[in-house]
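Reader: I'd like to learn how to read helix packing and overall fold from a model. Can you walk me through a case?

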Amino acid sequence: MRDVFIYDHVRTPRGRGRADGSLHEIPAIELVTQLLQEIRDRNGLNTALLDDVVIGCAQPVGEQGGVLARGAVVNAGYAHSVGGQQLHRFCASGLEAVNNVAAQVASGMASAGIGGGVESMSRVIMGYDSGAWVADPAVALQNYYAPQGLGADMIATLEGYSREDVDSYAVESQRRAAKSWDEGNFDHSIVPVKDVMGEVVLDNDEYRRPATTMESLAGLKAAFPPFAKMGFGRVAKERYPEIEEINHVHTGGNSSGIVDGSGIVMLGNAEFGKAAGLKPRARIKGWASIGSDPTIMLTAPADVARKALKNVGMEKGDIDLYELNEAFASVVLRFMDHLDVDHAITNVAGGAIALGHPLGATGAMILGTVLDELERRDLNTAMTLLCAGNGLGTATIIERV
Amino acid sequence: MRHIKLDKGADGVAILTLDNADESMNVVSAEWLEDMNAAIAELRDDESVTGVIIVSGKKAFMAGADLKLMVAGYETMTPKDAFAFSQKATAMHRALETMGKPVACAMNGLALGGGFELALACHHRVLSDDPRAVVGLPEVNRGLLPGSGGTQRLPRLIGRKKGLDLLLSGRSVAPKEALELGLVDEIAPIDQLVDKARQWLATNPPAERIWDVKGYAIPEMRGMIVPEVAMDYSIGVAQVAGKHGYNYPAPAAILSCVFEGLQLPMDKALSVEGKYFAKLLTDPVARNIIRTTFISKQAAEKGARRPEGVPKSEVKKLGVLGAGMMGAGIALVAAKAGIDVVLIDRDTATAAKGKGYSEKVFGKAVERGKMPQDKADSALAHITPTDDFALLDGCDLVVEAVFEDMGIKAETTQKAEAVLPESAVFATNTSTLPISELAKASKRPDQYIGLHFFSPVDRMGLVEVIMGEQTSDETLAKSLDFIAQIRKTPIVVNDAQGFYTSRVFRMFIFEGAAMLEDGVEPARIENAAKAAGFPIGPLALLDEGTIDLPVKILKDAEGKDGNLYTIERGGKVLDRMLELGRGSRKAGAGFYEYAEDGSKHLWEGLGTEFPVSDDQPDQEELKKRFLYSQANETAQCLEEGVLETAQDADLGAILGWGFPLWTGGTLSYIDTIGIAEFAKEASKLAGNYGARFAPSKWLQDRAAAGTPFYPPIKAG
C-alpha cells in the first residue's frame, strides 16, 4: 500500500442533541459545510487538488440523506470536480469514511480527499433510519435483535461489572474531558459553529457535566429495563441462556450522550502534500472492520483491534494510545479487560460519556483527538476504534511522521 | 346451491341466507365456496338486484373452516397447494366486495374466523346486541392466521395497532366493544338486524371499499419510511418473542402479513397473506396444536373413551370427602355445574373452610363481572359443608380427596360406603397411590375408580381417569359422564405406579436436577426449559412444591422390585438440598433465594454445592434432554399399556403439566421429529446421559417399521 498521510483535521463542538441544544437550529449539511470551509481556509488549500469527500452518517435519511457529502462540497464552494460519497456503517461511519479515503489513496486511485462524519441527533432522530434488521418482523425476530443499551447491560452481566464499576469509569471520563477543556487541549481542532448571521452559536462541548461524582451518578435510574420488559429480555436470554437476569447498570450518566456534531480529516499522498504545501501530521498505518454478535452488538472492539494489529504487523504493546468510543462504560471496560490494555493509555482526553457521541461523526472526531494527544504527549502510535450497530466494529491505526 | 338460499325482493334487495345443509353451524367448505361464487355471479349479473343482505339460517352467523381439514394440511399439502386452497376463499371474498353492488351482513350470532372474514368482506356490518354474538379472528390460537383477508381488511378497517392486538391475541369481542372498535358498523336487537341493513342500503351507499378508491393512502403504505411505524414493528417483534418465544411461527407470520401487506395494494396483499398462511398450514406446529387441543380434546369431551352400551348417567348429588385444596376445588366445579355437593371433613368448621374457597372464587368472579350475583348465590347454595357421613345418603358419586395415605383413604372409603347407595361410584383423587391397592378397601371394587384432578381444580381442565384392575366399564362410563357435567377433559389410563401424568412429569423436574448434578449452570437449566416452551423452569417448579414429596416417593420406591418410580440421576441433588434446609419456597429457601420484596434469584451457593463444569452444553442439547426424556417415558407408558391411545398421551401432557403446546404433546413430538430419527437421537442421548433416554426394543421396532403414533392422513 502507498503511504497515506493525515494533513489536518477539525471538528465542531458537540451540542446537546435536544430541542434546547445550541446546534439544534443548524442543519446537518451546514455543520459539514463550515468544517470544509475552515480546513480549506486555514490550510490555504486549492480544493481542486482533492479527489473525493466521504461523509459517514448513521441516520442518512431526510436532511442527512441524498449524499450529504456532495451537497456539502458544492455548498462549501469547493471545486466542482471534487466527488462526494455517503457512507453508512452505523457508529463507525465516520472512521470508516476516513478508511475509505485512505484506501482510495493507498491504491493509487486518488491522491487526496476528506473523510469524516456528521450527525445531528436533535434533527434526525435516532431510529429514523430503521431498516429491516430492527423493524421487519421476518428479519428482526430471526436475527435476535435487541436494542444496544440492553447489549451494554448484558456485557456488564456476563463480565460481572457492577454499577460502581461503570459509574467510576464515567466519573473518570468526565474528569479527563474537563481537564482537556481546562487546559485548552481541544482548542486547535475545534471550529465554533456559526448561525446564518455569522454569529457563533456554540464553541464548546456543551453536553459535559464536569461536577459529576459517584454520588450524583448513583441517583440515576437504570435506563434499559423497559426494553427488557417489552420482550427483548427474552430475546437476550434465548441467545445468552447463561444469563438468569440482566443486571441493568447503565444509566444516562454512564452511557454516551446524544449530541449534534461533525468531524473531518484531510488525507493524501506525499505528492499532494507537496502540491498543497502542507506537512503531514501522521501516517495511516492500516485498519480493519469486522462483525460480531448482533444481539449484544457491542463486543467487536477487542477482536477488531487484534485484526487491525495483525493487518499492519504490530503488537498491542506497540500502540501508545487507544481511543475507543465510549458507547457505554461496559464496552470500554470489556475492551480493556479482553485486550489487556491499561486505562491510563485509553481515552486519555475523556470520551463520549462526557462529551457526547454524534453517531456517524464520532469516528472522525476521536481519530483527530487521539492525534492531537500523540502530538501533545510526543508519542507515536495510536489506535482508534468503535463498536457499531448490528455487531460491527472498525479500527484504524495511525503513526506520527 | 345446497348451503345458500337466495331471495330477491321486489325492492331490489336480495337476501342471501347462509344455511349449511349438513351441519348445525355454517362453516367454510369447498362446497360452500362454490355456492357463494355461484350466488355472487348471479347477484352481480341480475340487473334487478341493487343490494344484498347476508343473513344466517342458524343460531350463529358463521364459524371458520373445518379444523379436520386444517389438520390434514401438514401431511397432504405442499405450500403451493395450501396457497391455492387459501386463495379460493380469498377470491370469493374479493369477488363479493368488488361486484359493484353494496353488500351488508346482518349477523344474528357469533361470527368467528372464516365467518368473520366473510363479514369483513361486506361493505356494511350489523351485529346482534346479544352479548353471545361475539366476533373475532382466533386463528392465532390454532397456530394459523386468518388466510382469507383477515390480516389485511381488519387493520385497514380499524387501524394497524388495534388490528394487530386482535390478530395476535385471537380474542373474541362482544358486540358493544365490536362497535367501539369499528369491527361492526351497527349493533341492534336481533329482530331489527335486517331492517337496519335495509335502511343502510336505502341510502344508496357506494359499493366500493375504501382501499379500492383511487388515491387511498395510509401512512403504513410507506412502510419503514414512517419512523413511528418502524418503531412499532420493532417493539411488536419483542412482544411476540417475549410472549411466545421462538417456537410458534403464527404470531410472527401475522406480524409480517400486516407489515408487508399494508404496503401493498389489496390484491397483492391478499396474495402475500396467502403465502404466509400456506407456510403455517404446512408446518407441523399448527397441525400439532389443532390436533391435540381442538380435535382430540373435543373428541375426549364427547366421549371418545366412553364404553358403548352404557346408558347415559347424571350426577345429581356428589359427595366430596376432604375439604382441603383439592376437595374444595372439586366441590366448586361441581356446584358451578348445578350439582348438589356434600363436602365432608373431620369437623364442620374445616368443611366450611373448604366451601369458603368457592365463596372467594365466585366473589371475585362477580366483582370482575364474569358471573352474575344470582348465579354465584345459587352455586354456593349447592354446597353443604358437614362432618356427618350420613349426609352422603343418595349420592350418585363420591370423590375422596383426603390425605395421600393408604390407611386414611381405606378408613374413609369404608365409612362412606356404609352410607352410600349400592349404585354409587367411588372415586379417589390421588396423584400417585395405586388404584387397585386402594380398591381393596372397597366393598365394590368394580365401582372404584381413580379421578386425578389437577390443582387448582377450577382452572385446570384435565382429569386423569385411572382404571383399577376390577373397575367396570359402567363405572368408567358414569365417571366420564360426571366429568362432562363439570366440563372437564378426561383421559383414561390404566393403573400403574404414578399412572401416566405424574410418572412422566417427574422426568421434567428430575432432568433439571440431573443437569445440576452434571455441572450445568443453573440459569442455563431454567432458560433451556423456558426456551423449549415449558411455562417454568424445573428448579423453580421444585421450589413451588416441596422437595419432600418427590424425595419421599423416591425413597419408598427404592429397593422395591420392578418399581418404575426411580430415577437415574438428580436424586443426590434433592437429598443435599433437603440437608441444607432448602426444600421449597414455602420453607423460605430452595434452589432460589426469596427476597422480602417478593423477587427471587437463583441461590448463589448452587455453584459450590454442584460445581459448574467448564464446558457448558449447547442450549439445544438441554432442550432436547427435557423433551426427549418425557417423550421416551410416554412411549414406555404406551408400550406397557398404562396408556391406550396417543390422544390420551398428548392431551395429558398439554393440559396436565404444561408440556410445550407447539409439540402437540409427548407422542406428537416424536411423530413431528419422525419416529426413526427420534429413536436414533434418543440412543445417542442415552449414551451421553443415561438409560432413561434409551428407546425400548418396542420403540426401536416401531421406528424400524416407520409406524408413527398417529396414522398418516391420506391426501384428498
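Author: Sure, let's start with how H6(A) and H9(A) lie relative to each other in this predicted model.

Reader: Okay, at what angle do helix H6 and helix H9 of chain A pack?

Author: You compare the axis directions first. Helix H6 (residues 148-159) and helix H9 (residues 225-239) of chain A pack at about 60°, and their axes are 11 Å apart. Angles from 65 to 115 degrees would count as roughly perpendicular and those under 35 as roughly parallel, so H6(A) and H9(A) come out oblique to each other.

Reader: Is the crossing of H6(A) and H9(A) left-handed or right-handed?

Author: Right-handed, for H6(A) over H9(A).

Reader: And which residues of H6(A) and H9(A) meet?

Author: On the H6(A) side you'll find Gly149(A), Leu150(A) and Met154(A); facing them from H9(A) are Phe227(A), Ala228(A), Phe232(A) and Ala236(A). Sorted by type, that contact has 6 nonpolar residues, 1 polar and no charged ones.

Reader: Zooming out, how many helices and strands are in chain A?

Author: Chain A has 14 helices and 12 strands. To judge its compactness, set the radius of gyration against the globule rule: chain A has 20 Å, close to the 21 Å given for 401 residues, so chain A is as compact as a globular protein of that length. Its C-alpha atoms fill a box of roughly 60 × 45 × 45 Å along the principal axes.

Reader: What percentage of the residues in chain A is buried?

Author: 60% of the 401 residues. For contacts, look at sequence separation: of those in chain A with a separation of 6 or more, 83% link residues 24 or more positions apart.

Conventions:
Residues numbered from 1 in each chain as written. Chains lettered and ligands numbered in written order. Predicted model: local features only at pLDDT ≥ 70, side-chain atom pairs only at ≥ 80, totals over all residues. Helix = DSSP H or I, 4+ residues; strand = E, 2+ residues; numbered from the N terminus. Rg over C-alpha atoms; globule rule 2.2 N^0.38 Å. Buried ≥ 20, exposed ≤ 12 C-beta atoms within 10 Å, placed from the backbone. Contact = placed C-beta atoms within 7 Å. Axes fitted to C-alpha atoms, helices over the stretch in contact; angles between N-to-C directions. Parallel < 35°, antiparallel > 145°, perpendicular 65-115°, else oblique. Left-handed = near helix turned anticlockwise from the far one by under 90°. Nonpolar A, V, L, I, M, F, W, Y, C, P; charged D, E, K, R; others polar.
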